[in-house]
Every structure is written in structure tokens, then in C-alpha cells.
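Me: Hello! I am new to this structure and would like to learn why its features get the names they do. Could you take me through it?

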Amino acid sequence: MVKSEKELRQDIVDIGKLVYQKGWVAANDGNISIRLDANKILCTCTNISKGMMTVDDLIICDIEGNKIEGSRERTSEIAMHLTIYQMRPDIRSVLHAHPPVATGYAVAGRPLNLALLPEVIIGLGSVPLADYGLPGTPALTEGMLPYIPKYDAILMGNHGSVAYGEDVYKAFFKMETVEHFARISLVAELLGGAKVLPRDEVNKLFESRTRYGVKSNTSMEPGNPVVAEDVQPAQERFQITRQELIALVDEALRARGVLA
Ligand SMILES: [Zn+2]
């Protein structure tokens, strides 16, 4: 069933409330858009809390980003939405926010690219990290360009994250998966580090997508996601007692003639 523009306006207002209630934005952060047709994008305006919008606060832009309807001003981040629509004809909605744990990873310069959770691997593959770009300028999207065709959610360096899908709910659920994945990854790190799944298990998850009816542009390739075989050397851990450590140091010092 094709939704009317009125219904789609309400969808953006509803999703804006959820994004705000979940704490993925502060003040007037974030933006949401829906592609109405080949040349019309319905989007949130600038200078408004995404949790406190009405359907009349939304504006309509053409595919070049020029405002064609609405009394409020367009967001400067509309260019990022337009780039995604231009590069991905399958996408009808884009959601940008600053969910705190995922953004923490983006600020720390860490992609969410480890093969850890079946739902994330099936739904997103992994979440890459795009280089920082000054908001409101073309630099914001430059770092994202290599990732847009292959991924459905991207972390934006020192900024936030963006997710997109066939409708605004799918974009929202992808963002929710990203933030949930970030929270779980953080807890695993606090508990001593996550155990990464091996390649053959990740393969099986990618193959199961047809069974679950998951449509995605992402396919398994080196680094998407990072599998156990890729991280084995770095993950190798061993334990020794304090006494054994002292003995090892003493032995090394003796070998160098520092200790008698
Ligand atoms: Zn932002």
C-alpha cells in the first residue's frame, strides 16, 4: 500500500519522537527525510527538536536540495540525504542522529565492523566508519561516498551515524540495531573483549538472508565484517602469574648481564 504524503509526514513526526525519546539526539540535532517521488524529498527543517515537531514543520525539497514547499528553513545536512538518494535508487528514507554509544565509537575512530552478533551480520554486515567532514559542507559526505553503495548504516567520524532504508521505519530500525550493537560491543570490551565469529559461521549467516527475507546491498567481503581469522594474532591472550613474570624479567636481565 502506497502511503499518502499526509501519512508520510506523520511517520516523520512519529519517528522524530522515538529518536528523541531514545536519546539519540540533543537539542536540535539530527534529521529525517523521505523520498516522495523522483524529484521531491520530504524532510525535517533546521532549528527544531526532532521530538517536538508537527507535520506542518516539515518541508519539501527538490532533488537538488532547493526548497519547494514549507515555511521553515531546510537543514544544512540535506546534502547528505540527497547524495544517498542519488547513489541508492532502492532507498526511500534517510535518518541521521547522534546515538551516544555508536557516536562514541565514531569519536574514538572505531568502526563497528567485528562479526559478533547474528542479527547485525544478517541485517547490516557491519557498520563502517567514514572520515570526519565539516557539517554543512560537501566534506561531510566525501568520506561516506565509498561506503554508501555497499552499506545501509555508516558511522560518521567525530559526528554521529546515518542509516537508510526502503521506508522511514526500516531506516529507524537500522539505526536502532547500530546503537544496540554499539552498546553490546562496549559491554563486551569492558568484560575483557568480544569473541569474534569465524568465517564459516559468518558465511552461513549471509546465506540465511534469503530465508529471513532480508534485502541488503551489503555482501561479505574482506573487512565486512572482520571475522575471527582476521583478528587471531591480535586476540591471542595468555596468562602468567606475578611470580612467573618476575622470573621472566630476571632471566632477561641476567641474559643481558644486568643481574648477576
Ligand atoms: Zn549531525
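Me: Why is the contact of Lys204 with Glu201 called a salt bridge?

Reply: The closest N and O atoms of Lys204 and Glu201 are 3.0 Å apart. A salt bridge is a side-chain nitrogen of Lys or Arg within 4 Å of a carboxyl oxygen of Asp or Glu, so the pair qualifies. This is a predicted model, in which local features need pLDDT of at least 70 and side-chain atom pairs count only at pLDDT 80 or more, while totals for chains, interfaces and linings use all residues. Residues are numbered from 1 along each chain as its sequence is written, and side-chain values use heavy atoms, with hydrogens and water left out.

Me: What separates Lys204 and Glu201 along helix α7?

Reply: About one helical turn, because they are three residues apart in helix α7 (residues 199-207). Helices here are DSSP runs of H or I with at least four residues, strands are runs of E with at least two, and both are numbered from the N terminus.

Me: How do you know whether Glu5 and Arg9 are buried or exposed?

Reply: Buried means under 20% relative accessible area, exposed over 50%, and partly exposed in between (1.4 Å probe, protein chains only). Arg9 has 12%, so Arg9 counts as buried, whereas Glu5 has 30% and is therefore partly exposed. These two also form a salt bridge, with their closest N and O atoms 2.9 Å apart, and both lie in helix α1 (residues 5-21).

Me: What makes Glu189 and Arg110 a pair that ties parts together?

Reply: Their salt bridge has its closest N and O atoms 2.4 Å apart. Glu189 lies in helix α6 (residues 168-190) and Arg110 in the loop between α3 (100-107) and α4 (118-123), so the pair ties together parts that are 79 residues apart in sequence.

Me: How many salt bridges does the rule give?

Reply: The count comes to 15. Some are linked in a network that joins Arg88, Asp90, Asp152 and Lys174.

Me: Why are His96, His98 and His159 called donors of the zinc ion?

Reply: Donors are N, O and S atoms within 2.8 Å of the metal (3.2 Å for Na, K and Ca), and sites may look incomplete because water is not among the atoms. The NE2 atoms of His96, His98 and His159 lie at 2.0 to 2.3 Å, so they qualify. His96 lies in strand β5 (residues 93-97) and His159 in the loop between β7 (153-156) and β8 (160-165), so this pair ties together parts that are 63 residues apart in sequence. Both His96 and His159 are buried.
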